[in-house]
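Q: I have this model open and want to go through its helices, salt bridges, cores and pocket. Can we start with the helices?

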Amino acid sequence: MDLDVFVNTHHIEWDRLDHLLHRGRSLTGEEADELVVLYQRTATHLSLIQSSAPDPVLTARLTQLVARARSTVTGTRRASWRDAARFLTAGFPAAVYRSRHWWIPTAVLSTLLAAVIGWWIGTHPEVQASLAAPEDLRALTRPGGEYETYYSSHPAASFAAQVWTNNAQAAAICLVLGAFLCIPVIWILLVNVLNLAVGIGLMSSAGRLDTFLGLVLPHGLLELTAVFVAAGTGLRLGWTVIDPGPRTRRSALAQQGRAAMGMAIGLALVLFVSGVIEGFVTPSGLPTWARISIGIAAELAFLVYVYVLGGRAARAGDTGDLEAEGRSAELPAAA
């Protein structure tokens, strides 16, 4: 492309678009139609320049011009209660449902790995000895030990808030850092798996695995599911960087990234529920069967929410991404 010839050919259209944008709301109907046509042409011109003859100054000018025109053409839009309702009943569950092929295998493999490592720790005293001194292990696993008192060591409300904050941060890190080729997500998963495995191994070696599970399952079912969803989504985001499919890498990553940010908000709400259970139900005086039943009910409610509402929204075409008017304009690709 001869850039000078291209600029001489189209600069009148760009100047006209700039003039119409400065007119604001005083445009006639005919001028408004002209503005839309010029906006579309200028967006195409920008794409051609970026792909064939990139010029920083001209690209910056046309980028600003296209952004202003798009704002004028599409208008601005404020979030409303309708958006929040749509997010909770369609966008978030649809995003979780659509990523199930990532987070379900993540959950299965992580659980199996925790069980295997826990069995290895529980059946090998030398491994236990490498983790801590015998007296420290007894302080952890004995009746009334640290594993049991951990859940009642702080007031329920502050403990629930602390747990929720920590878990929400871990989930957000999985979602955000997944773009770094999945490596941070795998690390966070391994840390969670090892923590769970150590508890399983040490408490089973002390003959108190039932007590440990009675403390973990009420809140852990929903909490770990949320972590697995975050990790699976982060892995999917990382894989998008490696293999974006038929879309451009930028477009694919933008779509998956927007959905991931929405999921961070949704999972924070899910983890709030698990934090409330961990703060008020887990250390309560309820029988073990009652506490576990509450945890199972919360887990089943989440799965029904995802597979019924999310499945329905996904089949209707919802991806968990922003609605079209809330996304940045995608420039047409040059042939």
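Q: How far does α5 reach from its first C-alpha to its last?
A: Helix α5, residues 100-123, has 24 residues and reaches 34 Å, close to the 34 Å expected at 1.5 Å a residue. The expected span is 1.5 Å times one less than the number of residues. Helices here are DSSP runs of H or I with at least four residues, and strands are E runs of at least two, numbered from the N terminus.

Q: Any caveats on the model and numbering?
A: This is a predicted model, in which local features need pLDDT of at least 70 and side-chain atom pairs count only at pLDDT 80 or more, while totals for chains, interfaces and linings use all residues. Residues are numbered from 1 along each chain as its sequence is written, and side-chain values use heavy atoms, with hydrogens and water left out.

Q: Back to α5. Which of its residues are buried?
A: R100, W103, T106, A107, S110, A114, I117, G118, I121 and G122. Buried means under 20% relative accessible area, exposed over 50%, and partly exposed in between (1.4 Å probe, protein chains only).

Q: And what do they pack against?
A: The buried residues of α5 pack against α4 (81-98), α6 (125-131), α10 (183-205), α11 (209-242) and α13 (288-315). Contact means heavy atoms within 4.5 Å.

Q: What span should α13 have, and what does it have?
A: Its 28 residues should span 40 Å at 1.5 Å a residue, and the end C-alpha atoms are 39 Å apart, which agrees. Buried residues in α13 include R291, E299 and F302. Just after α13, G317 takes a positive phi of about 105 degrees.

Q: New topic. How many salt bridges are there?
A: Six in the whole structure, counting a side-chain nitrogen of Lys or Arg within 4 Å of a carboxyl oxygen of Asp or Glu.

Q: Which residue does E34 pair with?
A: E34 pairs with R16, at 3.0 Å from N to O. E34 is in helix α2 (residues 29-52) and R16 in helix α1 (residues 3-23), so the pair links distant parts of the chain, 18 residues apart. E34 is partly exposed at 29% relative accessible area, and R16 is partly exposed at 28%.

Q: What about R68?
A: R68 meets D18 in a salt bridge at 2.8 Å, N to O. The residues are 50 apart, R68 in helix α3 (residues 56-74) and D18 in helix α1.

Q: And E148, which residue does it meet?
A: E148 and R208 form a salt bridge at 2.4 Å, N to O. E148 lies in helix α8 (residues 146-149) and R208 in the loop between α10 and α11, so the pair ties together parts 60 residues apart in sequence.

Q: Is R208 buried or exposed?
A: R208 counts as buried, at 13% relative accessibility, whereas E148 counts as partly exposed at 23%.

Q: Now the interior. Which residues have the most contacts inside the largest nonpolar core?
A: F92, V96, M263, L267 and F302, in a core of 35 residues. Such a core is a set of buried Ala, Val, Leu, Ile, Met, Phe, Trp, Tyr and Cys residues joined through side-chain atoms within 4.5 Å.

Q: What does F302 touch?
A: Leaving aside neighbours within four places in sequence, F302 is in contact with F92, V96, L222, T225 and V270.

Q: Last one: which residues lie nearest the centre of the largest pocket?
A: Y150, Y151, N192, N195 and E223, among 27 lining residues. The elements giving two or more residues to the lining are α8, α9, α10 and α11. A pocket is an open set of points on a 1 Å grid over the protein atoms alone, where a 1.4 Å probe fits, with protein on both sides within 12 Å along at least five of seven lines; lining residues have an atom within 4 Å of a point.
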